[in-house]
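Visitor: I would like to go through this structure step by step. Please keep the answers short and reasoned.

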Amino acid sequence: MANADFDVSQLSDSQQSALGTYTSVTNQEIPAAVSLLERSQWNVQIAIAKFFDGEAPDPLEEARASLASNPIPAQTSQRETLLNGSPRFRGQSRGPIRDPAPRIVPQSETRSIHRLPFILSLFLTPFNLLYRLLSGSVRFFNHLFPLVPRLLPGPSNGTSRERPQRDAASRRPLSPKETTSRFARQFEEEYGANSLPFFEGSYAQAYDLAKRDLKFLLVVLISPEHEDTSSFVQTTLLSQEVASYISDPRNKVILWAGNVQDTEAYQVSTALNCTKFPFAAVVAHTPQDSSTSMSTITRISGLVPPASFTSRLQTVINQHSAILDQARTARNEQQAARNLREEQNSAYERSLAQDRERARQRREEQEGRIRAEQEKKAKVEADELNTRKLEQWRKWRAQSISREPGPNMKEVTRVSIRMTSGERVVRRFAVDTDLEELYAFAECYDTLQQQNSTPVQKPGGYNHSYGFRLVSPIPRTVYSLADGGTIGSKIGRSGNLLVELIDDEDDDA
């Protein structure tokens, strides 16, 4: 397909943005959209207006193409120029003429009401009341004596000319959809129930639907004041043959009808070159003219028999159906290519999202491993630092442990301590020695055996906590530092103690 071979990357960023905006509104194939945007100088609003309203042919390009395909001999150039200037001969050289059918959006008929200033209206109130009183009296007199106004000269005797004006004034302007509903209601009230599938919407909506779905828009315009309107509706439009053909969904006909007394129907009659009532026209997409054109492919004017009306509709629809089928096939292929491209893009986005998720998981796993290694390294360094500070604290504390009392000192406590290594140590302490001194002796026993005379400073930023407790086995008694006291008051003259390590579970208990 041409759409699949077209490379959008050749366009600039602004052109690609304009193309995306245009195709999202019109749903047109890419090559035709690019061609229309180029003819519109890449103005999205102008291109959308050309797509919906139809694009008029370029006279300069047509003249160049005509001159290129039909070269004019030198000796007959003047005669050919005069002939080509005539619409009749120019149409013969170019083939059948299809009048473009524009998209009609009626302008609302809003009448502005000018109110007088309050002071002026108050001043004119007596005159207004007098005028209403006199006009009411005249109407009442005319009602009592209807023959008198006809005998008087003047414009008052032309009552027949006032009735159409009153009818036109009483026909209140409505929105396009309400106008269509009013027409269908009045049509049914006047001609009875029928099976005609009138389109319930404005002409522009029916026009857009026919253009989007590649259907035939049958426009029927009637004038209630025309003498053939009633005969056309009853004998032709409401005939079983015509109604069945229009209602058959296989013919793809959209029926839009209107009363030319309404603004929208009147503007449509002017745009479709209506010259005689009753009037019917078939509007369809003509891709041979341009990718956005809508043209009037046939007109049926005047009172036509049902067979002739159906035959003309069938002939023009059969002739143009092949063109619309080709356009529909191309549009379906273009839509299929667009769907395939969207599916490919969606699959690519899903694959890209999966790759991103896997990359994120790998990155998180790697960051987790690095974080665990860093935490492990920090813990090892913290343990090493704590071990060094503990050793330094033991050396510092061992320097301040008092010496063992001599044999001549009577007020002592003899303590037998069984270390965690199984070694039993016996030492005497003064009875007034604090219990913490006994804990420090058990903590620094190995350091005291080294007999290091070098002074050591207390490690900074270190708070020592004893990882054991001293326990008397029989009876079991725990000598806790939290209870305080001296060795003599806690143990007495002698005692056998065990160094019992404190586990984390013991701390929780």
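Visitor: Which residues of helix 17 are buried?

Guide: This is a predicted model. Helix 17 covers residues 435-443 and is mostly covered, with eight of its nine residues buried. Buried here means under 20% relative accessible area. The residues that meet this are Leu435, Glu437, Leu438, Tyr439, Ala440, Phe441, Ala442 and Glu443.

Visitor: At the start of helix 17, which backbone nitrogen does a side-chain oxygen of Asp434 reach?

Guide: The side-chain oxygen of Asp434 comes to within 2.9 Å of its partner at the start of helix 17. That partner is the backbone nitrogen of Glu436.

Visitor: How are helix 16 and helix 17 placed: oblique or roughly parallel to each other?

Guide: Helix 16 (residues 306-399) packs against helix 17 at an angle of about 125°, and their axes are 10 Å apart. The contact is formed by Leu390, Trp393, Arg394 and Arg397 from helix 16, and by Glu436, Glu437, Ala440 and Glu443 from helix 17. Angles under 35 degrees count as roughly parallel, over 145 as roughly antiparallel, and 65 to 115 as roughly perpendicular. The angle of about 125° is in none of these ranges, and the two helices are therefore oblique.

Visitor: In what order do the five strands lie in the sheet?

Guide: Strand 4 pairs with strand 2 (residues 216-222) through five bridges, antiparallel, and with strand 5 (residues 294-301) through seven bridges, also antiparallel. Strand 2 also pairs with strand 3, in the parallel sense, over seven bridges. The sheet is open and its pairing is mixed; the order is 1-5-4-2-3.

Visitor: Which are the edge strands?

Guide: In the order 1-5-4-2-3, an edge strand pairs on one side only. The edge strands are strand 1 (99-100) and strand 3 (253-259).

Visitor: Why is strand 4 largely enclosed by the rest of the structure?

Guide: In a regular strand the side chains alternate between the two faces of the sheet. On one side of strand 4, Phe279, Ala281, Val283 and His285 are buried, and on the other so are Ala280, Val282 and Ala284. Strand 4 is largely enclosed because its buried residues number seven of the seven.

Visitor: Which residue of strand 5 is the bridge partner of Ala281?

Guide: Strand 4 has bridge partners in two strands. In strand 4 itself, Val282 is the partner of Leu218. For Ala281, the partner in strand 5 is Arg299.

Technical notes. Residues are numbered from 1 along each chain as its sequence is written. This is a predicted model: local features need pLDDT of at least 70, side-chain atom pairs count only at pLDDT 80 or more; totals for chains, interfaces and linings use all residues. Side-chain values use heavy atoms; hydrogens and water are left out. Buried means under 20% relative accessible area, exposed over 50%, partly exposed in between (1.4 Å probe, protein chains only). Helices (H or I, at least four residues) and strands (E, at least two) are DSSP runs, numbered from the N terminus. Two strands pair if DSSP finds at least two bridges between them. A polar contact is a pair of N or O atoms within 3.5 Å; within protein, one must be able to donate a hydrogen and the other to accept it, and residues adjacent in sequence count only if both atoms are side-chain atoms. Axes are lines fitted to C-alpha atoms, for helices over the stretch in contact, and angles run from 0 to 180 degrees between N-to-C directions. Contact means heavy atoms within 4.5 Å.
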